[in-house]
Amino acid sequence: RGREITLVLEGCFSDADGTYFPGDYLVKEPGEIHKPIATQDHECLCLSVVEAPVKLTGFVGKLLNPFLSFKPA
């Protein structure tokens with residue numbers, strides 16, 4: 001729905017495009033699907049900024065999406 005910018009603060013995660021470590025950032029444009037997965041041997045702490053509400057996919061997403069309908073400033 002909007003751009004998503006994520007900065008890895010601690011640990012690491014991966015997605016379809018690669019693996020990200022502390023200090024790495026990525027930008028996802030509207031319509032891009034992003035399925036981050038924390039690596040098994042590390043916890044991951046990230047800061048994400050979004051321009052519009054996040055839309056989760058899958059079964060759990062259908063349950064949680066109604067609660068994510070906030071309006072960013």
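Student: Where is tyrosine 25 placed, and what makes a stretch count as a strand?

Tutor: Tyrosine 25 belongs to strand β4, which covers residues 25-28; strands are DSSP runs of E with at least two residues, helices are runs of H or I with at least four residues, and both are numbered from the N terminus. This is a predicted model, in which local features need pLDDT of at least 70 and side-chain atom pairs count only at pLDDT 80 or more, while totals for chains, interfaces and linings use all residues. Residues are numbered from 1 along each chain as its sequence is written, and side-chain values use heavy atoms, with hydrogens and water left out.

Student: Why is tyrosine 25 called exposed?

Tutor: Its relative accessible area is 60%, and the rule calls a residue buried under 20%, exposed over 50% and partly exposed in between (1.4 Å probe, protein chains only), so tyrosine 25 counts as exposed. In space, the C-alpha of tyrosine 25 is 5.4 Å from that of threonine 6, although the two are 19 residues apart in sequence.

Student: Lysine 28 is found in strand β4 too, so how do you know whether lysine 28 is buried or exposed?

Tutor: Lysine 28 has 6% relative accessibility, which falls under the limit for buried, and therefore lysine 28 is called buried. Arginine 3 is 25 residues away from lysine 28 in sequence, with 5.7 Å between their C-alpha atoms.

Student: What class does leucine 45 of strand β6 receive?

Tutor: Its relative accessible area of 46% lies between the two limits, so leucine 45 is partly exposed. The C-alpha atoms of leucine 45 and glutamate 32 are separated by 22 Å, with their positions 13 residues apart along the chain. Of the 73 residues of the protein, 21% count as buried.

Student: How many disulfides does the structure hold, and how do you know that cysteine 46 is not bonded to cysteine 44?

Tutor: The structure holds 0 disulfides, a disulfide being a pair of cysteine sulfur atoms within 2.5 Å. For cysteine 12, the nearest cysteine sulfur is that of cysteine 44, 6.7 Å away. The sulfur of cysteine 46 is 3.5 Å from that of cysteine 44, its closest cysteine sulfur, and because this exceeds the limit there is no bond. Cysteine 12 is buried at 5% relative accessible area, whereas cysteine 46 is partly exposed at 30%.

Student: Why is the pair of phenylalanine 13 and tyrosine 20 called tilted?

Tutor: A search of the whole structure finds 1 aromatic pair, and in this pair the rings lie 5.1 Å apart, centre to centre, with 35° between the planes. Rings of Phe, Tyr and Trp (its six-membered ring) pair if their centres lie within 6.5 Å, and planes under 30 degrees apart are stacked, over 60 edge-to-face and the rest tilted, so both values fit a tilted pair. Phenylalanine 13, at 4% relative accessibility, counts as buried, and tyrosine 20, at 13%, is buried as well.

Student: Which residues are closest to the centre of the largest pocket, and what volume does that pocket have?

Tutor: The largest pocket has a volume of about 620 Å³. Among the 27 residues that line this pocket, Glu4, Glu32, His34, Val54 and Lys55 are the closest to its centre. On a 1 Å grid over the protein atoms alone, a pocket is an open set of points with protein on both sides within 12 Å along at least five of seven lines, unlike a cavity, where a 1.4 Å probe fits but cannot get out, and lining residues have an atom within 4 Å of a point. Grid points are joined across faces, edges and corners, and the volume is the space filled by probe spheres set on them. The largest share of the lining, 3 residues, comes from β6.

Student: How confident is the prediction across the elements?

Tutor: The score is pLDDT, the predictor's confidence in each residue, from 0 to 100. Helix α1 (residues 58-64) has the lowest mean among the elements, 75, and β1 the highest, 94, while the protein averages 82.
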